[in-house]
Amino acid sequence: MEENTENLADELENVFDQLNTETQETPPIPEELNLLPLRDAVIFPVLVAPIVVGRDPYIRLISDSVRDGNRMIGIVTQREPTTELPGAKDVYPTGVVVTIRMMNRNRDNTQLLVQGIQRFQIQQVVQEEPYLRAKITLIDDAVVLDDEEKVQVEALRRELAATFGKIVELSNDMPDHFKEIEQVTPVWTMTDMIAAHAHLSTTEKMQILETLPLIERMQTLHSYLVRESQIMELGANIHSQAASEMGKAQRDYYLREQLKAIHKELGEGDERGRDVDELRERLDAAQIPIEARKEADRELERMSRMAFGAPEYTVARTYLDLMASLPWAKSTEDNLDISHVKEVLDADHYGLDKIKDRLLEFLAVRKIKLERGEPVRQPILCFVGPPGVGKTSLGRSIARAMGREFYRLSLGGVRDEAEIRGHRRTYIGAMAGQIVTGLKRAGTNNPVFLLDEIDKLAHDHRGDPSSALLEALDPEQNVTFRDNYLDTPFDLSNVLFLTTANSLDTIQGPLRDRMEIIELTGYTEQEKVAIARQHLVPKQLGEHGLTAEQVTITDDALTALVQGHTREAGVRSMERQVAAICRKVTRLFAEGRTEPLVVDRGKVAEFLGAPRYEFEELDDRTSVPGVAVGLVWTPVGGDVIYIEAQKMEGAKTLQLTGQLGDVMQESAKAALSYIRAHANELGIAANFWSETEIHIHVPAGATPKDGPSAGVTMTTVIASLLTGRRVKPRLAMTGEVTLTGRVLPVGGVKEKVLAAKRSGVTTVILPARNRKDLEEDIPAELRKGMAFHFVDSVRDVLDLALEPLGKPRRIRVKTGTETQPTVMTPPQLPEPLQQPNVPPARA
């Protein structure tokens, strides 16, 4: 069906004549009506509107309604115009009863002329096929108003008439007699007539039709009319302004010519000539390469022929000013004293030996190749690690150690490719990209350029910024990096690009391939204390007006901060806690204290309150079968998680809860399949799966979890649950499990071992292929008091992790302020598991 919503002037003039006459007699409106849905139109009471009906069910509806004799139907509006045969839920519940005044049948459609009678609401749909039919409730527009409401209605009536009259004046398609809309009575009829002919959307018209309180309906319509009036006034202003623009441009040209003649008569210098001469001198001094100088001279020649003050003149001058300001030939001399660079890096950062060694190797290679006169290839280093470990500050220290300028560009949230490569000069407000702008601000062509948070780049319809970086971060291509704004090559081969990221997962493969990845792992407890003592405490004492003679923060206090008030891989929270202590101490001195203050563990508790973080005693949860401790990596360092399992009566059901990702769910399924395949070897009844329902839960259910490294923990939990053997106390594990029972290596070993150390774990099970990670990344002092077992198979894990059946455990239980030892006896196995078929022990 197609609806014709155009306003027919002749029909509307007739309606004006009828509106002020006595209401014509109409037959009673039945309680049930056939409903005709309109695609994108709204009919209002009293008004006459043409409709074209083309869909077969609705042609039949018209025929049935006319055959009934009262010629009345209900008009409703579809919620979605694209719905071909709408049902009860596809139409608005409010409509208008209309009477069919004229009808003309053609071969393809039926044309109607209908007049609205009264609003109604659908009470119950009694028929949907072949067309809608419903019981309705009529809505009477005539309302009784008190004196205060009459005043308000009268004010709204005048405002509506005035605003609509203004719209009629500005419109080209509304008849002039609409200006007399104020003469229409009653007021609700005038409101409906304005709503029907104003340029409103179908949704807005339906809102007015459905608004039953008269005052509220008039207020809503008035807000729409005010908006429409403002839009039409703005459009008229734009049209008149555009019409007069040509005349203004011609007048400005003659005035400029006269002004030039006046300057010439007065003997004043030519501003344009002075600009051209100044820019030419600056371009000569900048030692621009030949190709770039040709582009600059071409633009300078165009500028010299432009009218001074013209928009194109400003664009050309801005471009040439940037060309003259770029450090084409200006560079700083590198400090290649290896021992000096090492001293600076050690003074600024504690630890980070791998990164320091890599930088010293780069400087050594550069020093030798420069002595031989050979070109040096600049590496692209990417520092990857959790927040707060010093990635950004390390870039600043590298620049200071080498004697180079430093510039930092934050890429977090950058979505527009033009932010990197610049805009073409054909666009209004065009500017160079951030790389060229950064070189201009650094003032040299060989700064340390830090691209911070490169993993936070995004992309949308404006382009992919990470793809724009491919050329800049490729040492083989960035010799001829071309910014869209400059439109000429700029040599970036002397720039030392450094990038930082928290994770490599979101970095595009081609971009990641261009960078040398250097991972920064989280700090150990001892490293955090050393960093705080050497860097954080002196910095915060100075920022809070304190001296080392006034305040001494002991290592014991710093350890208390690390253990009880921070939980992170870096030291940002640690610095905030040190600042909090300094504020407390500053207040004491401001209130009159004169004696020096020593901040120890007790003072930390006094200033900061009870510890925010307390690590659980692992024995408490693993004292029953079906609970094990896993080690996980998070963006802020490592952590321990408890994986719990329960079995219930049921059959062949595995439930997984705790917001587990797809990979972690697959690990649980692989673990269960392994246990089922090796049930006899483990002493588990072969038919347990047909009688058992298993539920695995990973607490902290509000935190999403994913990854394959919990595979060995999942397997151990299921084996512990089904055999009744508890997991050994203070034992944690990590590793990926295959379906055949192999244990594969995982990442984040250092962070995971750090978390195990903080939690009181004494035994750690790791994949055999992670042995090198332990030896390279974990200091010997950190490994003290911990036993590490390296395994290749799940069977090795279970032999190491599970206690013998029936072994009592001695744990410590807190009672009041004391901790008392107690002995717990493990539960007995279910009857089917009392006689396991245990294989011979393996040597």
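**Helix packing, buried cores and backbone features**

In the predicted model, helix α10 (residues 338-348) and helix α12 (residues 391-402) approach each other with their axes within 9 Å, crossing at roughly 150°. An angle over 145 degrees counts as roughly antiparallel, so α10 is roughly antiparallel to α12. The crossing of α10 past α12 is right-handed. On the α10 side, the contact is formed by H340, V341, V344, L345 and D348; on the α12 side, the residues that meet them are S397, I398, R400 and A401. Sorted by class, the residues of this contact are five nonpolar, two polar and two charged.

A second helix pair consists of helix α18 (residues 555-564) and helix α19 (residues 572-590), whose axes come within 10 Å and cross at roughly 125°. That angle makes α18 oblique to α19. Here too the crossing is right-handed. Helix α18 contributes L558, L561 and V562 to the contact, and α19 contributes M574, Q577, V578 and I581. The contact of α18 with α19 has six nonpolar residues, one polar residue and no charged residues. In an α-helix, residues three or four places apart point the same way, because there are 3.6 residues in each turn.

The chain as a whole has 843 residues, of which 47% are buried. Its secondary structure comprises 27 helices and 26 strands. Among contacts between residues at least 6 apart in sequence, 73% join residues that are at least 24 apart.

The largest nonpolar core has 54 residues, and within this core I454, L469, L473 and L492 touch the most other members. Helix α9 (residues 311-325) supplies the largest share of the core, with seven residues. When residues up to four places away in sequence are not counted, L469 touches L411, I420, I435, L451, I454, L457 and L511. Another core, of 52 residues, lies apart from the largest one and has I62, Y92, I167 and M193 among its members.

L469 is also one of the buried residues of helix α15, together with P465, S466, A468, L470, E471 and A472. Because seven of the eight residues of α15 (residues 465-472) are buried, this helix is largely enclosed by the rest of the structure. The cover over its buried residues includes the helices α13 (418-421), α14 (434-442) and α16 (509-513). The strands β9 (448-452), β10 (481-482) and β12 (496-501) are also part of this cover.

Helix α14 has buried residues of its own, namely I435, V436, T437, G438, L439 and A442. These are covered by elements including α13, α15, β8 (406-410), β9, β10 and β11 (489-490). Thus α14 helps cover the buried residues of α15, and α15 helps cover those of α14. Just after α14, G443 takes a positive phi of about 85°.

Another buried residue, M303, is found in helix α8 (residues 290-305). M303 counts as buried because its relative accessibility is 0%, below the 20% cut-off. Its C-alpha atom is separated by 6.2 Å from that of A316, which is 13 residues away along the chain.

Several backbone features occur in loops. Most residues other than glycine have a negative phi, and most peptide bonds are trans. A cis peptide bond, with omega of about 0°, joins E129 and P130. P130 is placed in the loop between β5 (110-127) and β6 (132-139). T185 and P186 are likewise joined by a cis peptide bond, with omega of about -10°. The loop that holds P186 runs between α3 (147-170) and α4 (187-197).

Positive phi values are found in D487, where phi is near 60°, and in K652, where phi is about 55°; neither D487 nor K652 is a glycine. D487 lies in the loop between β10 and β11, and its relative accessibility of 35% makes it partly exposed. K652 belongs to the loop between β17 (637-649) and β18 (653-657). With a relative accessible area of 56%, K652 is exposed.

Conventions: Residues numbered from 1 in each chain as written. Predicted model: local features only at pLDDT ≥ 70, side-chain atom pairs only at ≥ 80, totals over all residues. Heavy atoms only, no water. Axes fitted to C-alpha atoms, helices over the stretch in contact; angles between N-to-C directions. Helix = DSSP H or I, 4+ residues; strand = E, 2+ residues; numbered from the N terminus. Parallel < 35°, antiparallel > 145°, perpendicular 65-115°, else oblique. Left-handed = near helix turned anticlockwise from the far one by under 90°. Contact = heavy atoms within 4.5 Å. Nonpolar A, V, L, I, M, F, W, Y, C, P; charged D, E, K, R; others polar. Core = buried A, V, L, I, M, F, W, Y, C linked by side-chain atoms within 4.5 Å. Buried < 20%, exposed > 50% of the residue type's maximum accessible area, 1.4 Å probe, protein only.
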